[in-house]
Amino acid sequence: MFWDDIIKGVGQEFDNVKDFRAQLCKYSIAKGFAYRFIKNETTRVTVKCVGDGCTWRLHASESSRSKKFVIKKMTDVHTCGGEGGEGQRRATRQWLTTIIKEKLRVNASLKPKDLVKEIYEEYGVLLTYSQVWRGREVAQKEMFHVMRETFGHLPWYRDRLFQTNPGSSLELSQTVDTRRVFIAFHASLHGFANGCRPLLFLDKVPLKATNEYKLLVAAAVDADDGVFPVAFNVVEDESYDSWVWFLMQLRIALQYHSYPFNAMTFLSNGQKGLDAAVPHVFEDSHHAFCLHHIMEEFRGELRKGPWSQQIRDAMVEDFTRAAEACSIDEFNASIESIRNISTEAADWIIASKPEHWSDAVFTGCRYDHFSSNIVDAFNNWIPTKKEGSMVLMIDSLRIKIAEIMEARREACKSWEGPLTPSMDFKAQGEMSKASKLTVLCSSETVFEVRGSGIFVVNLANWECTCRRWQLSGLPCMHAVAVFSRIGRSFYDYCSKFFKIESYHMAYSGTILPIPDMDTFDFSAGATIPPPKPRTSDKPRRKRFNPNKVTTLIRLCSRCKQAGHNKATCEAL
């Protein structure tokens with residue numbers, strides 16, 4: 001069983017409270033103990049072991065920042081002897097339904113008695129026939145609902161989308177085990193291809209009301225560092241196969257815009273098959289791992305050690321410096337600082353593939369973005385009441401993207417200057433640091449700049465040996481000092497992806513409404529009949545046994561004679 005470490009400890013995040021409860025149930029079944037709820041609300045949950053005097057306890061609540069459900073406190077020690085399979089196991093209806101759905105996708109003909117046997121053999125949970133039968137009925141209904149809508153309503157929506165927003169992409173895929181929906185609006189594809197830097201964030205958007213399917217997203221950032229949605233994928237499970245299918249559809253959609261895939265950089269947590277899916281589909285691209293995710297794993301490793309909180313914080317700071325280091329020497333110095341405290345911690349960092357997260361060795365360009373947690377921007381995009389319908393969920397995305405594009409088109413009308421406001425603010429910071437630097441001219445394009453060190457600026461290649469210019473896309477303070485010396489404009493050497501013209505191009509498209517959405521009946525039009533209980537082909541009949549001896553003689557209530565009743569009695 002692979003659920004023994006599904007609950008890792010403080011700081012672990014879940015999509016929503018339903019996801020947390022489901023994972024907690026699996027964990028307790030794997031560990032062999034039962035728990036009871038002290039608090040069980042939509043925003044906070046506290047549970048403890050049912051064993052007398054047992055110290056095992058866990059508290060989780062919704063994060064105000066990310067809107068995810070996070071474990072805040074956990075005492076992971078059982079003093080009741082319940083852990084290890086000896087305690088009573090707790091199986092919830094949601095857990096049972098999930099397990100049965102997984103098994104029915106593999107073999108739809110499984111009978112309740114087969115499920116009872118398999119669940120006991122695999123999970124050690126003994127259920128009655130009626131419990132499994134009811135769970136199977138619920139599982140079949142949920143599976144039918146998704147299948148019916150995917151291939152009953154979504155084709156209708158796709159036709160209307162192509163009519164009103166030509167150039168958009170909506171692809172449906174169904175196999176025996178999986179159902180997937182890919183959606184990308186033409187305005188988003190055009191805006192990314194013509195106005196955004198070649199950087200895509202890949203992540204999963206947490207849904208609040210359903211665990212029936214997952215919403216995957218690919219998003220970029222515009223010239224003002226605002227999140228720019230590019231494509232979405234609705235899947236039943238986040239896995240290597242689902243990410244490969246999503247990325248393949250995205251590649252096909254971008255090919256119509258002649259996008260240069262070799263210059264692309266992806267930023268993700270590298271989990272759920274993403275570390276292998278990205279290079280499989282985009283062979284020549286670069287893949288950076290989310291620093292926030294790796295940092296949380298590193299903190300988890302440090303909690304296992306004997307160090308004080310102060311020493312742990314110092315090692316985390318060194319880890320951050322190693323990630324942001326622009327040179328190999330800076331990276332090695334940070335790692336050695338950690339190694340002086342713990343060789344195991346330093347080895348763990350080296351084993352975490354720094355070529356995917358440290359600027360010193362990463363070959364792509366992520367423009368000073370280290371985290372893939374862009375899903376914060378998509379919180380509350382989809383109303384909870386619409387999560388139960390794929391069509392309504394996708395149309396909610398269409399409406400929200402259209403609103404954002406219109407709002408940002410209006411906002412940028414008052415902007416002045418070559419750069420967007422957020423990029424101009426960064427530029428002013430570099431300019432303020434350049435005043436105390438000394439510039440020596442080596443040639444028309446090569447300059448030596450002295451300050452805390454000696455750096456070489458090459459204007460022809462837009463490079464500086466500090467590497468900040470190449471990594472961020474904005475000239476560093478050493479380049480700014482050179483511009484001041486020779487009378488060049490800072491803005492002439494900024495990446496085009498930071499300029500207002502690129503911002504206008506990103507939001508030049510328009511997402512048009514789908515006029516029939518308000519009148520279409522989503523409760524009708526199913527193309528697949530719902531599951532029906534099995535019935536016999538023969539009608540019921542009353543069985544007659546000629547050898548049966550009658551033991552009860554009924555008498556007429558009027559004349560007290562046998563052979564008839566009061567209604568047919570002939571006595572006066």
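Start by selecting K353, the residue that follows helix α12. In this predicted model, its phi is positive, near 65°.

Now step back into α12 itself, residues 343-351. Which of its residues are buried? Pick out A345, A346 and I349. Turn the view until you look down the axis of α12: these buried residues fall within an arc of 100°, so they line one face of the helix. Rotate to the face turned away from that buried side, and you will find the exposed residues E344 and A351.

What do the buried residues of α12 pack against? Add three helices to your selection: α9 (291-303), α10 (309-324) and α11 (328-339).

Next, move to the sheet. Seven strands make up this open sheet, and they are arranged as β6-β7-β10-β9-β8-β11-β12, with mixed pairing. Colour β6 (169-174) and β12 (286-289) to mark its edges, since each of them pairs on one side only. As you go from one strand to the next, the twist averages 20°.

Zoom in on the β6 edge. β6 and β7 (residues 179-184) run antiparallel and are joined by six bridges. For a closer look, select S169 and its opposite number in β7, A184.

Then show helix α5, residues 154-164, which packs on the sheet and touches β6 and β7. The direction of α5 makes about 160° with that of β6.

For the last stop, bring up helix α13 (residues 390-411), also packed on the sheet. α13 touches β7, β9 (214-221) and β10 (227-235), and its direction makes about 175° with that of β10.

Methods: Residues are numbered from 1 along each chain as its sequence is written. This is a predicted model: local features need pLDDT of at least 70, side-chain atom pairs count only at pLDDT 80 or more; totals for chains, interfaces and linings use all residues. Side-chain values use heavy atoms; hydrogens and water are left out. Two strands pair if DSSP finds at least two bridges between them. Helices (H or I, at least four residues) and strands (E, at least two) are DSSP runs, numbered from the N terminus. Axes are lines fitted to C-alpha atoms, for helices over the stretch in contact, and angles run from 0 to 180 degrees between N-to-C directions. Contact means heavy atoms within 4.5 Å. Buried means under 20% relative accessible area, exposed over 50%, partly exposed in between (1.4 Å probe, protein chains only). The arc is that of the directions from the helix axis to the C-beta atoms.
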